[in-house]
Amino acid sequence: MTIKLDEDYPFPATADQLIDTLDQTYPHRCMGKDEDLIAHQRYSAVRELIDQLIVARAEYYEEQFDDKTNESG
């Protein structure tokens with residue numbers, strides 16, 4: 001599965017947009033009936049990376065929120 005970039009589908013401008021685009025492009029799924037095991041393992045590795053990016057983003061925003069609430073007292 002590849003993403004075709006053109007004027008209708010520009011490259012994501014921010015990391016948030018890139019993570020969201022990857023999340024939509026590579027959804028969670030089970031192995032297909034006729035899918036090769038190696039191909040599915042590769043897909044799963046991509047999906048695991050996307051999940052890790054989502055967690056890292058959430059942790060980053062949580063830290064930013066905590067920093068702002070600590071500053072306000």
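The exercises below, each with a worked solution, concern a predicted model.

Residues are numbered from 1 along each chain as its sequence is written, and side-chain values use heavy atoms, with hydrogens and water left out. In this predicted model, local features need pLDDT of at least 70 and side-chain atom pairs count only at pLDDT 80 or more, whereas totals for chains, interfaces and linings use all residues.

**Exercise 1. Describe the overall make-up of the protein.**

Step 1. The protein has 2 helices and 0 strands, where helices (H or I, at least four residues) and strands (E, at least two) are DSSP runs numbered from the N terminus.

Step 2. Of its 73 residues, 15% count as buried; buried means under 20% relative accessible area, exposed over 50%, and partly exposed in between, with a 1.4 Å probe and protein chains only.

Step 3. The accessible surface comes to about 6,100 Å², and 55% of that surface belongs to carbon and sulfur atoms; such areas come from the Shrake-Rupley method with a 1.4 Å probe, and for residues only the protein chains shown count as cover.

Step 4. Among the contacts (heavy atoms within 4.5 Å) with a separation of 6 or more, 37% are accounted for by residues 24 or more positions apart.

**Exercise 2. Check the length of helix H2 and describe its start and its buried residues.**

Step 1. The expected span of a helix is 1.5 Å times one less than its number of residues. For the 35 residues of H2 this should give 51 Å, and because the end C-alpha atoms are 51 Å apart, the two values agree.

Step 2. At the start of H2, a side-chain oxygen of Asp-36 reaches to within 3.3 Å of the backbone nitrogen of Ile-38.

Step 3. The residues His-40, Tyr-43, Arg-47, Ile-50 and Arg-57 are buried in H2, and what covers the buried residues of this helix includes H1.

**Exercise 3. Work out the surroundings of Arg-57.**

Step 1. Arg-57 is placed in helix H2, which comprises residues 37–71, and with a relative accessible area of 17% Arg-57 is buried.

Step 2. Leaving aside neighbours within four places in sequence, Arg-57 is in contact with Asp-16, Ile-19 and Asp-20.

Step 3. The side chain of Arg-57 makes a polar contact with the side chain of Asp-20 at 3.0 Å. A polar contact is a pair of N or O atoms within 3.5 Å; within protein, one must be able to donate a hydrogen and the other to accept it, and residues adjacent in sequence count only if both atoms are side-chain atoms.

Step 4. Asp-16, Asp-20 and Arg-57 are also linked in a network of salt bridges, a salt bridge being a side-chain nitrogen of Lys or Arg within 4 Å of a carboxyl oxygen of Asp or Glu.

**Exercise 4. Trace salt bridges elsewhere in the model, beginning with Arg-47.**

Step 1. A search of the whole structure finds 5 salt bridges.

Step 2. One of them joins Asp-23 to Arg-47, with the closest N and O atoms 2.7 Å apart. Asp-23 lies in helix H1 (residues 15–25) and Arg-47 in helix H2, so the pair ties together parts that are 24 residues apart in sequence.

Step 3. Asp-23 is partly exposed at 30% relative accessibility, whereas Arg-47 is buried at 5%.

Step 4. Arg-47 also meets Asp-51 in a salt bridge, at 2.6 Å from N to O; both residues lie in helix H2, 4 residues apart, about one turn of the helix. Asp-51 is partly exposed, with a relative accessible area of 27%.

Step 5. Arg-29 forms a salt bridge with Glu-35, where the closest N and O atoms are 2.9 Å apart; Arg-29 is partly exposed at 39%, while Glu-35 counts as buried at 19%.

**Exercise 5. Classify the aromatic pairs.**

Step 1. The structure holds 2 aromatic pairs. Rings of Phe, Tyr and Trp (its six-membered ring) pair if their centres lie within 6.5 Å; planes under 30 degrees apart count as stacked, over 60 as edge-to-face and the rest as tilted.

Step 2. The rings of Tyr-26 and Tyr-43 have centres 5.8 Å apart and planes at 55°, so this pair is tilted. The pair links distant parts of the chain, with Tyr-26 in the loop between H1 and H2 and Tyr-43 in helix H2, 17 residues apart, and both residues are buried.

Step 3. Tyr-60 and Tyr-61 form an edge-to-face pair, at 5.4 Å centre to centre and 65° between the planes. Tyr-60 is partly exposed at 45% relative accessible area, and Tyr-61 is partly exposed at 43%.
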